[in-house]
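Please walk through the structure below, beginning with a single residue and then widening the view to its chain.

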Amino acid sequence: MRPMAQIAMVMNLDKCIGCHTCSVTCKQAWTNRRGTEYVWFNNVETLPGQGYPRRWADQNRWKGGWERTRSGRLRLRAGGRARRLGTLFANPDLPTLDDYYEPWTYEYKNLIDAPAGDDMPVARPVSQISGEPLDTLQWGPNWDDDLGGAPEHAPKDPLVEKVREQVGEKIRFEFEQSFMFYLPRICEHCLNPACVSACPSGALYKRVEDGIVLVDQERCRGWRMCVSSCPYKKVYFNHATGKAEKCTLCYPRVEIGMPTICSETCVGRMRYLGVMLYDADKVTEAAAVTDEHDLYPAQLESFLDPRDPAVEAAARASGISDDWLEAARRSPVFDLIRTYQVALPLHPEYRTMPMVWYVPPLSPVVEAVAASGHDGEDAGNLFGAIEGLRIPVEYLAELLTAGDTYPVEAVLRRMAAMRVHMRARNLGEEPDPAVAHSVRLTGDELEDMFRLLAVAKYEDRYVVPTAARADADALADSHPLDAACPVGAEPGRPVLLNLAPTRRTV
Amino acid sequence: MDLMLWGVLPYVVLVLLVGGLVRRGRHDRFGITTHSSQLHEARLLRIGSPLFHFGMVLVVLGHVVGLLVPRALTDAIGVRDHTYHLIAVSTGSVAGVAAVAGIGVLVYRRLSVPGVRRATLRSDPLMYTLLLGAMLLGLTATVLNSAGAAGDYNYREGVSVWFRSLFTLRPDYGLMADAPLAFKLHILLGFALIALVPYCRLIHMVTAPVQYLFRPYVVYRRRAPGGQPARRGWERAS
Ligand code: SF4
Ligand code: SF4
């Protein structure tokens, strides 16, 4: 066992209101510079939809992530090392600006400076790339927000295409029959990062202490392999500096115990940040399991329980400080992923072992039940609907469990059970223990889960240990202090206190 | 004059090259990049860039062989002059034409695609001019020479011998006196280009990432302390 620590995130999709506050605050903090006009380290997509960059999830096109070779080893989907060096001069899998969008601004100045005349002055859109006016805006980072233009755009969603292949049924995008939810996305800070593995210069790296994946700006040479190899398309090319840039998990904040900016400003309070311990020896094996459906359970098993004394001892031995162990024990992320198992990884089939997990939304199910005139908080109705509503469940499975509907249904049932249980509580009725039992939890556990998902306060949602404490602990280990107090030791002899010589001469 | 051009200039170029590389390596690692413009335009790039780069790799290899392998050696292993020139001229011109075609596409792209044009660096015009000039003169010299227009000048007994004498620090600059003009100009432009390498985007070629073939896939680094050697002036107090 080789325990390593990772700062991980969980997002509760039921609570995302699609306000894009996270995207805007992130952009203002990190990517409001020239060269990154089109870059959103955090973006919020409406699903079903094409996302940003367009159809990023279509790995037949972009060749992101890993694939398992016939001999059972992992190889980058875009080819082995020699092949990648061969495509160094023109990366065949790189999205161009058209796939993101051409960033623009408006000629605001014109509103004030235009000479007096009969017509109202207008602020025309101007491309931030060519500086030329744009006649018609064609696409933007949230062009299909709230299912806008869904009849045209949503059928091109790669997941919709897959579900249609499997269920053989068309997802309808008429207003009253479709389902919809938001998916905020940042870099996954993967345990088996494809971006790091694809960088020819070795400029990208994963930090040992907290698992944050970063680009060393001094070593990046602009080969762009990371951009195409990240299956989530979360490394971007700064076209002004010629260097790759990506979400840093706001490491300057995380290091001093503060949550990331997207978490801090999340209006829906749907983000959770905390420590996960995992066994580094198991990562490669777990990422290379034969059946894609086993990827989620395999990753789940590579996590370590910080309350297990054996884990604790091994973690200490590999240099994880007490402060971090304590944070791992209090981690809300661990509870959602492991204890209650209501969070699932995003696209585990890319085999990068992502570390931003999602609690799937129950709302499409609840709304469908309510729309049919039934009680949306009745256990029977909800459980029945989870089984009956094949398309949303299949869709969520394509998103979160490589197409395996079983875990998605199980999670949704837990969420439904929590809903039913809490309604009884709120109405002052005695909750039916059979409901909790049917999802293999107790009533108390359901209530604890409810507290975590619904009412958790700031300090319960973000449990981030500081790097400074870890440094101090490491320093203390390397320079053990004298056990005894110098004052009073060996009576009769003068005690030397650690005073600076400058002070003594004053 | 000959002394200045063929006896002194080569060393000046070397100093500019090495000095520039060291300075960039010490003080401006952030600036070392390919400055790729693939984000703006990919279709033309995917034709032009591999043609140019692979062509150039062959061209450079050809120059190394032509300049460094003495005639005595090829004679000794039984390669006759005629065969040698046949091989050199045929592979050389294929590679050269590929590289020129590639750079042609790239220059056209740079001028015609608005995004790429805006991404042009200040050093680019000079770099492209020298590069194109050197390449075209090189091709001209080869064609003229093999067509016999320059008499029967054999660069392996003139230019190459002079070039090797540079390493002995006693350059035999007199040898260059009777080289044809096209050769001389090609060499001068080549020198200018080499001297420019550290000061323009060409510097990315010295960071060709061969080590990728040998390192493990995932790179781990410590956050400091002790992970990275501190930058100069930022060392921790001990
Ligand atoms: S999600 Fe982040 S860590 Fe994972 S491959 Fe992409 S950029 Fe790398
Ligand atoms: S700020 Fe929170 S609620 Fe708003 S879009 Fe972002 S994740 Fe969703």
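**From one valine to chain B**

Val8(B) counts as partly exposed because its relative accessibility is 33%, and the partly exposed class covers values from 20% to 50%. The model in which this value was computed is a predicted one.

Where does Val8(B) sit in the chain? The residue belongs to helix H1 of chain B, a helix that covers residues 2-27. Val8(B) also contributes to a nonpolar surface patch of about 580 Å². Its partners in that patch are Leu3(B), Met4(B), Val12(B), Leu16(B), Tyr173(B) and Tyr199(B).

The rest of the chain can be read in the same way, starting with its secondary structure. Chain B contains 8 helices and 1 strand. In sequence order the elements run α-α-α-α-α-α-α-α-β.

Next come the overall dimensions and the contacts. The C-alpha trace of chain B extends over about 65 × 45 × 40 Å along its principal axes. If contacts in chain B are restricted to residues at least 6 apart in sequence, 81% of them link residues at least 24 apart.

Burial and surface can be taken together. Chain B has 238 residues, and 39% of them count as buried, the cut-off being under 20% relative accessible area. The accessible surface of the chain amounts to about 13,600 Å². Carbon and sulfur atoms account for 69% of that area.

The last point is charge. How many positive and negative side chains does chain B have? There are 25 positive and 11 negative ones in chain B, and the centres of these two sets are 19 Å apart.

Definitions and conventions: Residues numbered from 1 in each chain as written. Chains lettered and ligands numbered in written order. Predicted model: local features only at pLDDT ≥ 70, side-chain atom pairs only at ≥ 80, totals over all residues. Heavy atoms only, no water. Patch = residues over 30% accessible without salt bridge, like charges linked within 9 Å, V, L, I, M, F, W, Y side chains within 5 Å. Areas by Shrake-Rupley, 256 points an atom, 1.4 Å probe, with all protein chains shown as cover. Salt bridge = Lys/Arg side-chain N within 4 Å of Asp/Glu carboxyl O. Helix = DSSP H or I, 4+ residues; strand = E, 2+ residues; numbered from the N terminus. Buried < 20%, exposed > 50% of the residue type's maximum accessible area, 1.4 Å probe, protein only. Contact = heavy atoms within 4.5 Å. Lys, Arg positive; Asp, Glu negative; His and termini not counted. Charge placed at Lys NZ, Arg CZ, Asp CG, Glu CD.
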